[in-house]
Amino acid sequence: MPEITIGAAFDDGAADFERLAPSLWNPMGNALVAAAEIEVGHSILDAGCGTGATTIPAAQYAGPGGRVDGVDLSAQMLALAQAKASTLSLENVVLHLGDAGAWTGDEPYDVVLSAYSIFFLPDMDKGAAHLVSNLRPGGMLALSTWAEGALSPFTDLLVQECRRERPELTGLISGARDNTERLNTPEKLTAWLEGFGLQDIKVLSTPAQVQLNQSLAWSLVMGSGLRFLLPEDEEAAARVKTAFLAQLGEEYNLNADTLIASARLP
């Protein structure tokens, strides 16, 4: 899917995305920033920064003498991130509307962050190599991605109901999952990072469970890449929503198991 379409879709889903921030994006963002070993004065690229779940703690770690460039395709996501930075008087945050997979800073960064976004790159290997090229020698890449089994059976149930309205979805799903599945174990993720010449690789398995009521469950769909599975026809999408939420029940325990990796450029 073209990046501009992805950006527009996340504009529409920004408010839904943000509803999951307290229980999912923020705690995992803090964990990712901690793994990145950010120091006072560091310059940081937050690639695919969304509403700032990693941008904000990264800026706090770096302090007034540091800098965080947050890059995202969604203007509405960036607006929410900017509101948080302004509320906290974080003047070391600069947000940019653009493609993180093609972004180049004025100078190499000490740290590049990618929170649940690396798998959205159309050519993941090429895009990741470009992110690594933004690091100074000795700089750190830190990323988070879904662990094996994460979001299951949540996504399986959604796919099941979407297929009733979109039979062609069967051929689309395998491609959509490829990037995530390439990185979903510590062994796979470590080997992939080694392929970019990175060293001192650490992969932390981070179990996470998130309690969802039906409203939050649908916000997870509408505020994430899962919304791309839905039929365009509004009535068909409404049927999917009704059937999917009936499958989940009133309360659902989401498996949000995550891998957090850090690796250093020699």
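Colleague: I have the structure open. Which residue stands opposite Ile-260 of S9, coming from the S5 side, and how do I read such a pair?

Modeller: Start with the general idea: strands of a sheet pair through backbone hydrogen bonds, either parallel or antiparallel. In this predicted model, Ser-144 is the residue opposite Ile-260 in S9. S5 and S9 run antiparallel and are joined by seven bridges.

Colleague: What lies opposite Ile-260 and Ala-261 of S9 when I look from S6?

Modeller: Leu-204 faces Ile-260, and Val-203 is the residue opposite Ala-261. Strand S6 is joined to S9, residues 258–264, by six bridges, and the two run antiparallel.

Colleague: Is S9 mostly covered or mostly open?

Modeller: Mostly covered, with six of its seven residues buried. When you look at side chains there, keep a general rule in mind: in a regular strand they alternate between the two faces of the sheet.

Colleague: Let me zoom out. In what order do the strands of the sheet come?

Modeller: Read across the open sheet, the seven strands come as S3-S2-S1-S4-S5-S9-S6, and their pairing is mixed. The edges are S3 and S6, the latter covering 199–206, and each of these pairs on one side only. From one strand to the next, the twist averages 15 degrees.

Colleague: How do S1 and S2 pair, and over how many bridges?

Modeller: S1, residues 43–47, pairs with S2 in the parallel sense over five bridges. To find the register, look for Leu-45, which stands opposite Asp-69 in S2. Going from S1 to S2, the chain passes through helix H4, residues 55–62, in a right-handed β-α-β crossover.

Colleague: And on the other side of S2, how do S2 and S3 run?

Modeller: Parallel, with five bridges joining S2 to S3, residues 93–97. Val-68 has Val-93 as its bridge partner in S3. The chain gets from S2 to S3 through helix H5, residues 75–87, and this β-α-β crossover is right-handed too. S2 itself, residues 67–72, is mostly covered, with five of its six residues buried.

Colleague: Now the helices. Which strands does H3 lie across?

Modeller: H3 lies across S4, S5, S6 and S9, and runs at about 25 degrees to S9. H4 also packs on the sheet, where it touches S1, S2, S3 and S4, and its direction makes about 165 degrees with that of S2.

Colleague: How do H3 and H4 cross, and which residues meet there?

Modeller: The axes of H3, residues 21–35, and H4 come within 8 Å and cross at roughly 40 degrees. The crossing is right-handed. On the H3 side, Gly-29, Asn-30, Val-33 and Ala-34 meet Pro-57, Ala-58 and Tyr-61 of H4. By class, this contact has five nonpolar, two polar and no charged residues.

Colleague: What should I look for in the backbone of the loops?

Modeller: Begin with the general expectation: most residues other than glycine have a negative phi, and most peptide bonds are trans. Then look for exceptions. Ser-89 has a phi near 55 degrees, a positive value in a residue other than glycine. Tyr-116, also not a glycine, has a positive phi of about 50 degrees.

Colleague: Where are Ser-89 and Tyr-116, and is each of them buried or exposed?

Modeller: Ser-89 sits in the loop between H5 and S3, and it counts as exposed because its relative accessible area is 57%, over the 50% cut-off. Tyr-116 belongs to the loop between S4 and helix H6 (124–133). Tyr-116 counts as buried because its relative accessibility is 9%, under the 20% cut-off.

Colleague: Which peptide bond is cis, and where is its proline?

Modeller: The bond from Ser-152 to Pro-153 is cis, with omega near 5 degrees. Pro-153 lies in the loop between S5 and H7.

Colleague: What does Leu-151 in that loop contact, leaving aside its neighbours within four places in sequence?

Modeller: Leu-151 is in contact with Trp-146, Leu-254 and Asn-255. At 12% relative accessibility, Leu-151 is counted as buried. Gln-209 is 58 residues from Leu-151 in sequence, and their C-alpha atoms are 9.9 Å apart in space.

Note on methods. Residues are numbered from 1 along each chain as its sequence is written. This is a predicted model: local features need pLDDT of at least 70, side-chain atom pairs count only at pLDDT 80 or more; totals for chains, interfaces and linings use all residues. Side-chain values use heavy atoms; hydrogens and water are left out. Buried means under 20% relative accessible area, exposed over 50%, partly exposed in between (1.4 Å probe, protein chains only). Two strands pair if DSSP finds at least two bridges between them. A crossover is right-handed if, with the strands pointing away from the viewer, the path from the first strand over the helix to the second runs clockwise. Axes are lines fitted to C-alpha atoms, for helices over the stretch in contact, and angles run from 0 to 180 degrees between N-to-C directions. A crossing is left-handed if the near helix is turned anticlockwise from the far one by less than a right angle, and right-handed if clockwise. Contact means heavy atoms within 4.5 Å. Ala, Val, Leu, Ile, Met, Phe, Trp, Tyr, Cys and Pro count as nonpolar, Asp, Glu, Lys and Arg as charged, and the others, Gly among them, as polar.
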